[in-house]
Amino acid sequence: MIAFASTESTDPRPSRRQFLLASAAAGAGLTLGFVFPGARASAADATTPSPFAAYLRIAPDNSITVLAAHMDMGQGCYNGIATLVAEELGADWQQIRVEGASGNPALYGNLAWGGKVQGTGGSSAMRSSFERYRLAGAAARTMLTAAAAETWSVPAHEIRIEKGVLAHASGRSARLGDLAAAAALQPVPADLRLKPASDWTLIGSESLRRFDSADKAGGHEVYTIDIRLPGMLTATITHPPLFGARLKSFDPAAAKAVAGVVDVVTTSRGVVVLAEDTWAALRGRDALLIDWDESTAEQRGSADLLAAYHEIAERPGDHLAAERGDAQRALAGAARIIEATYDFPYLAHAALEPLAAVVARSGDMLDVWGGHQMPDLYQAVAARIAGVPVDHVRLRVMKTGGGFGRRAVPDADVIVEAVETAKAIGFRAPVKLVWTRENDMRAGRYRPMMVHKVRVGLTAGGEIAGWHHRIVGQSILAGTPFEKVMIKDGVDLTSVEGASNLPYAIPDLRVEVTNTKVGVPVLWWRSVGHTHTAYVVETMIDEVASASGRDPLALRRALLKDNPRHRAVLDLAAAKAGWGVPSATPAAAGHGRGIALHRSFDTTVAEIADVSVDGKGHVKVERVVCAVDCGIAINPDQVRAQMEGGIGFGLGAILREQIDLAAGRVEQGNFDAYLPLRIEDMPAVEVHIVASSESPTGAGEPGVPPIGPAVANAVAAATGQRVRSLPFAQNIQA
């Protein structure tokens, strides 16, 4: 996902007194909004009568709508945000609804990113929302209570709100919706009292379940691809077959001859067929005759690039990402050196729902439906293309069928294509642009191919004397709007995170990076740089333990002597897995256990994997025990789900996933060739949450990084083989 928060944060959230509050009557109900000073306001959300828009709306029918600042891609942030509001308000869980909000960073700016940009990523939704949405709920509770006190002529402190009902000992009671209009006339509280943790009934509840599970399980959830508007045309696109190729010419005649095809147009990114329905659009696209100019395209294959990266890794890096002590001197004096080179392939996001966007223009207002992970950026891009003011672009934020970073695209790819297509036909009809899976697999954005070279020196006593780490791969941020902020001294933080900030007590450390120039578009992929750095660091730690004859858990504990929260996570995982407990029966041949620990996005996760490897080199992950410290677990069941999902996601990547380039063309096109984890490969997973009173961090991404090294270390324990070239399927010897 987005890498804004991939560096360890310094918590830039404003204090509660820095918010401005406002309320407004909306259809005789109550709306509440908070504004973060200094952010840009917008009138794009014309559905709210208040210039503050709203965080929550209480309607006369007693429904409560929460406007979520973050987009839900399946990670459950809508559930978390609703929990915060309902907790403070005293609402009944059944009366809560959630809508995605966008187009107003003054209201919805991500506080974990500084508050001036709206966006979802870096496992920051709960960190950004924890206080803000509780304040919204508390403000509503205070104003509703004041309205009830005034109506009933009783002291406000004698009124209680439970399960959506205001009640007084005199027997008077009312639903929240009954008093919403009166509450809107109350002064907005200048100071707010949040419930103490001891009074929480929803936050941290083990019994609270997601409110959208039934709709998803029953197929009732509406995604962008499901939207149908009167007169809408469906559009499909043909992209260049090589990255960097350009349109030379095309013949639309055969496409236009297909029944149902309405038009064929060009955009800056390809040729688009518009039709009355998806089937006609696809048939028309297949009939197109296109000639591409490939003279300036990237034409190297994966093998060429990998060979070049290995050569680069033998030379000093272009930039210094981290240095403490003198690693080179320490290595020169080491009694023993462990040296290894690792390589990681390009990876696709492969979300189940391919990209789609719907565009409709009415007068000078432009509506854009989609999975808007960075709405501010998309709003500006859509406005520029359509030729309307930014605040005349109304973004409709849809839930999405997965994302894993793919929907946070700095060049707003599908938005650009959809708006350009609608503009090409003069906005005469709404347009739904739909990508096929092959579009996404062959013209998408990828986790960069990476190569690492590491040299670790050991003393005669087996202690780590020095750590020298080189990283080679494409920069995700170079050339994007985030380059100025997130590339420092030539170092793209997303290339080195997890390696440049090692938690281990290694006094002599040097991390270098070289960012390569390749024409393949790259993007953050769930957990971003941590996906490869964690693998390298945690398997090398395991090799050090093996070389020095130490237990891998004991070595990590010793190196984390100054990080008690890390050690607590390790200890919990080890205790639950029974690490080190003698077994009554010896481990069977081909079976092994491995451990890994990693901190990403301010959350620490330890995973212990039990694996078996058969005579054909097939790896079966039998069981994973996971421990996580994410601060306060707002929805424990959701945290467990995210850890389980992250483990499955990461397992698919290390076992079989890879994007191959042959002479610049992506070879994989669908799930028959690109192989995410199959259900039969999913291990039994136990997730244990460290009890904490610290502010919540995130759970969407941190479950991914440790699973690869945990499995690799288990495979090494089972077979003696160290897998340093991924995926496993091609690199384990039978």
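This is a dialogue on how to read some local features of a predicted model.

Me: Which conventions should I keep in mind before reading the numbers?

Reply: The model is predicted, so that local features need pLDDT of at least 70 and side-chain atom pairs count only at pLDDT 80 or more, whereas totals for chains, interfaces and linings use all residues. Residues are numbered from 1 along each chain as its sequence is written, and side-chain values use heavy atoms, with hydrogens and water left out.

Me: Which residues of helix α17 are buried, and how should I read their positions?

Reply: An α-helix has 3.6 residues a turn, so residues three or four places apart point the same way. Helices here are DSSP runs of H or I with at least four residues, strands are runs of E with at least two, and both are numbered from the N terminus; buried means under 20% relative accessible area, exposed over 50% and partly exposed in between, with a 1.4 Å probe and protein chains only. In α17, which spans residues 552–559, the buried residues are P552, L553, L555, R556 and L559. Seen down the axis of α17, these residues fall within an arc of 160 degrees, so they line one face of the helix, the arc being that of the directions from the helix axis to the C-beta atoms.

Me: What covers those buried residues, and what caps the N-terminal end of α17?

Reply: Where contact means heavy atoms within 4.5 Å, the cover includes β21 (464–474), α16 (530–548), α18 (564–577), β25 (591–600) and α20 (707–719). The N-terminal cap is D551, with a side-chain oxygen 2.9 Å from the backbone nitrogen of L553. A polar contact is a pair of N or O atoms within 3.5 Å; within protein, one must be able to donate a hydrogen and the other to accept it, and residues adjacent in sequence count only if both atoms are side-chain atoms.

Me: What does the side chain of Q379 reach?

Reply: Q379 is found in helix α11 (residues 375–386) and is buried, with a relative accessible area of 0%. Its side chain reaches the backbone oxygen of V393 at 2.9 Å.

Me: How many disulfides does the structure hold, and why is C626 not bonded to C630?

Reply: A disulfide is a covalent bond between the sulfur atoms of two cysteines; the cut-off used is a pair of cysteine sulfur atoms within 2.5 Å. The structure holds 0 disulfides. The closest cysteine sulfur to that of C626 is in C630, at 9.9 Å, too far for a bond. Both residues are buried, C626 with a relative accessible area of 0% and C630 with 3%.

Me: What is the strand order of the open sheet that contains β27?

Reply: Two strands pair if DSSP finds at least two bridges between them. This sheet of 4 strands has the order β25-β26-β27-β30, with mixed pairing, and its edge strands, β25 and β30 (684–689), each pair on one side only. Strands β26 (residues 603–613) and β27 (residues 619–629) run antiparallel and are joined by 10 bridges, with K620 in β27 as the bridge partner of S612.

Me: Where should I look for backbone geometry that departs from the usual pattern?

Reply: Most residues other than glycine have a negative phi, and most peptide bonds are trans. The peptide bond from L726 to P727 is cis, with omega near 5 degrees, and P727 lies in the segment after α20. A350 is not a glycine, yet has a positive phi of about 55 degrees; A350 sits in the loop between β15 (336–344) and β16 (356–362).
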